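Dear colleague,

I am passing on the structure we spoke about, with some notes on what turned up in it. Please look through it alongside the text below.

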Amino acid sequence: MTEQSFKDMILEGIPKILPAKRARNENLSHAPKRKDILTKTEKKLAIKNALRYFPEAHHQELAEDFYQELETYGRIYMYRFMPNYQISARSIDEYPQQSKQAAAIMLMLSNNLDHAIAQHPEELITYGGNGSVFSNWIQYRLTMKYLAEMSDEQTLVLYSGHPMGLYPSHKDAPRVVVTNGMMIPNYSKPDDWEKFNALGVTQYGQMTAGSFMYIGPQGIVHGTTLTVLNATRMKPDRDPSKLPIFVTSGLGGMSGAQPKAAVIAKTIGIVAEVNPKAAYKRHQQGWVDEIYEDIEQLMARVKLALEQGKPVSLAYLGNIVDLWERFAQEDIQVDLGSDQTSLHNPWAGGYYPVGYSFEESNEMMANQAEKFKAAVQHSLKRHVDAINQLTAKGMYFFDYGNAFLLEASRAGADIMQADGSFKYPSYVQDIMGPICFDYGFGPFRWVCASSSEQDLDVTDQIAAEVLEAMYLEAPKEIKQQIADNLLWIREAKENKLVVGSQARILYADAEGRIKIADAFNQAIKSGRLSAPVILGRDHHDVSGTDSPYRETSNIYDGSRFTADMAIHNVIGDSFRGATWVSIHNGGGVGWGEVINGGFGMLLDGSDDCARRLKSMLHWDVNNGISRRNWARNEGAVFAIKRAMAAEPRLKVTIPTVADDALIDQLIQ
């Protein structure tokens, strides 16, 4: 029997002959065992749900297989259907295809599952502990088959990982529409995710995991760099002769960007991580400079770094609480502090309590859920106490959008002020909101479909040329943002940011995104670029996400708990030319805490593409600026007035600001 080619394996979809049962690769990082939450009747339903992908002849063997997985891991992953080929962002022409747009989507979702990218690749989890591309391997296989077969007049509908099917549409419609975790509101608590995910009927797509737009830790390293740069600027009284010390936690998915960003922002970055595989993976990739398992050796190295005055990133293989408590005892000025443990997922591997080993925590999490929860909440109280001691000594601490403040408050930690607000700001409230999002600046990203480093170099040059021209004419309100991003793109290659696909990110406003995208499209048309370019962004942006404790935490008109903006965003992108769109419940701050929308768009060098990119990118940014303007955010009022001056067809309602004294007189 001839060996199947890569293309043949994709076109096969669900194998007619059952592959042999296979074990997991224990050299990879794996998702922790999920809690045993299903009743006996629900377990039967979970197996029945899984079997509906297969002909009845296979049910006897697969039912036993799936039941064993469910009992062992708390989920049915269908490990035996993992493909034999390496999953990675191959050149777009290597994928079997009837539609170039569909091939671009295959490239992007493959990148999310690359072993160098994905946090738990064999569980199809890209980052955040539970951010899934699919729930099981048959969903992956069937989706790839549909994408390979579809035309530009069909749309694939993905229902929380399940490929519902191909539907007739038209060339201006999205090729794929993705939803993840869109629960009825009263069924959107953490245990609801555990239950319905175990049943195989929904999944947690995080932000860019289940929408096929993750580009490895580079995707957040730029935003983290901007955050740390601007956080340092918020401490004008610090000693400029010494490098700032930045202490935080997490080296897993998104958090793996922190040490690299700390060095780019010219600080001494110290990051705690409890998972050895995550820590050493980042070290091997060059994202963290040094790892210390002994806290005494680490402290000695921090003092040496201060003396040397050279930016460096240091990882502590241990619990963040131990690290914070040690810094509270030391006579070392910590300038900046944050946290990026996955506290949106506190009971299932997002946060590990102090006093227990990594292995002990995983065992307790699966088998003693209430004890684990109590240990996490006790740990959070100690965590906050140590941070409070350091902020009293002058440290600037900010929540990094991972639900740290929220879960610490729920644990009863000393995190609240007398008026009921948090002691510390979200980084969006103090930094990214007023400095970036209100002006329309957010994480614009692109991927070279050729998977060619040379093409990426060309895109860097084009983006720099666009920003240089924009800087000369920019108003003073946004010159700093453009300057920071121009420096970033000039140094991007030297900073070795690529992991997986040949991708880049920078923060740009609507004008910048449209001009850069149009320049890319022209370069594809002229042959300066050898292949199409795939545009996207993080959902963590100006208008894609409604998240009251992160993206919209600097909305103060009472509307931050509404989700109209994210829904408007994905609907508007859909009919303005996006190649694919997504809308998710969940994301970086947790299931039930956020609604976020994303898109992907293929640039192919055509005049039609030039039309669509201008229409879609203009809406994708200005939708969010309009909402922030209506919330009376000064930067957004400025930005939307500027946008209206540039585009006469844009007419946005501008708020009148009421006099507080007048209202105070009325309501005593």
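Which residues in α11 meet which residues in α13? Bear in mind that this is a predicted model. From α11 come Ile320, Val321, Asp322, Trp324, Glu325, Phe327 and Ala328, and they meet Ser379, Arg382, His383, Ala386, Ile387, Gln389 and Leu390 in α13. The residues of this contact divide into 8 nonpolar, 3 polar and 3 charged. As for the geometry, the axes of helix α11 (residues 320-329) and helix α13 (residues 369-391) come within 9 Å and cross at roughly 30°, which means that α11 is roughly parallel to α13. The crossing in which α11 passes α13 is left-handed.

Turning to the interior, the largest nonpolar core has 148 residues, and those with the most contacts inside it are Tyr140, Phe212, Trp446, Ile534 and Leu535. Helix α4 (residues 100-113) supplies the largest share of this core, 9 residues. Leaving aside neighbours within four places in sequence, Tyr140 is in contact with residues that include Pro83, Tyr85, Leu109 and Phe134. A second, separate core of 47 residues includes Ile295, Val321, Phe397 and Leu405.

One loop residue may also interest you. Leu28 lies in the loop between α1 (6-12) and α2 (40-51), and Leu28 counts as buried because its relative accessibility is 14%, where the cut-off is under 20%. Not counting residues up to four places away in sequence, Leu28 touches His115, Pro121, Glu122 and Lys277. Leu28 and Ala278 are 250 residues apart in sequence, yet 9.8 Å apart in space, C-alpha to C-alpha.

With best regards

Methods:
Residues numbered from 1 in each chain as written. Predicted model: local features only at pLDDT ≥ 70, side-chain atom pairs only at ≥ 80, totals over all residues. Heavy atoms only, no water. Core = buried A, V, L, I, M, F, W, Y, C linked by side-chain atoms within 4.5 Å. Buried < 20%, exposed > 50% of the residue type's maximum accessible area, 1.4 Å probe, protein only. Helix = DSSP H or I, 4+ residues; strand = E, 2+ residues; numbered from the N terminus. Contact = heavy atoms within 4.5 Å. Axes fitted to C-alpha atoms, helices over the stretch in contact; angles between N-to-C directions. Parallel < 35°, antiparallel > 145°, perpendicular 65-115°, else oblique. Left-handed = near helix turned anticlockwise from the far one by under 90°. Nonpolar A, V, L, I, M, F, W, Y, C, P; charged D, E, K, R; others polar.
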